Amino acid sequence: MCSANYKNKNIMTRITQGCFSLLPDLTDDQIKAQIEYCIKMGFAVSIEWTDDPHPRNCYWEMWGLPLFDVADSATVMYELNEARKAYPSCYIKINAFDNT
């Protein structure tokens with residue numbers, strides 16, 4: 001079973017790894033803006049999830065296939081929301097990479 005946060009004496013702790021991990025959680029509008037930037041730059045987008053966010057766990061599970069030719073952020077947001085429904089208490093991340 002996935003665990004969204006680790007509990008220690010009733011204090012929720014955050015896993016801090018990656019570019020945005022030290023910021024407050026992004027809203028869906030902020031995530032959408034980041035995705036739109038990635039699409040504008042021609043990056044391929046993928047969604048991954050895990051129940052073990054340890055920094056040494058670099059092999060997260062893919063949610064579907066990478067989205068190489070996605071035209072709009074709505075497609076990625078749909079897939080993100082489907083991943084959230086399927087794994088409500090897991091960590092989910094969006095990757096963008098230059099596929100050239």
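This tour moves through a predicted model from its confidence values to its nonpolar core and then to one buried asparagine.

The model is a prediction in which local features need pLDDT of at least 70 and side-chain atom pairs count only at pLDDT 80 or more, while totals for chains, interfaces and linings use all residues. Residues are numbered from 1 along each chain as its sequence is written, and side-chain values use heavy atoms, with hydrogens and water left out.

**Confidence.** Colour the chain by pLDDT (the predictor's confidence in each residue, from 0 to 100). The chain has a mean of 84, with 82% of its residues at 70 or more. Select residues 1–11, where pLDDT stays under 50. Where pLDDT is low, the predicted coordinates should not be read in detail. Confidence is lowest in strand β1 (residues 6–8), at a mean of 40, and highest in α2, at 97; helices (H or I, at least four residues) and strands (E, at least two) are DSSP runs, numbered from the N terminus.

**Core.** Next, select I31, I35, C38, I39, V45, I47, V70, V76, M77, L80 and A83, the 11 residues of the largest nonpolar core. Such a core is a set of buried Ala, Val, Leu, Ile, Met, Phe, Trp, Tyr and Cys residues joined through side-chain atoms within 4.5 Å. At least two of its residues come from each of α1 (28–40), β3 (43–50) and α2 (73–86). Centre on I35: beyond its neighbours within four places in sequence, I35 is in contact (heavy atoms within 4.5 Å) with S73, V76, M77 and I94.

**N57.** Finally, move to N57, in the loop between β3 and β4 (61–62). N57 counts as buried because its relative accessibility is 16%; buried means under 20% relative accessible area, exposed over 50%, partly exposed in between (1.4 Å probe, protein chains only). Display the side chains of N57 and T50, which make a polar contact at 3.2 Å. A polar contact is a pair of N or O atoms within 3.5 Å; within protein, one must be able to donate a hydrogen and the other to accept it, and residues adjacent in sequence count only if both atoms are side-chain atoms. The N57 side chain also reaches the backbone nitrogen of Y59 at 3.3 Å.
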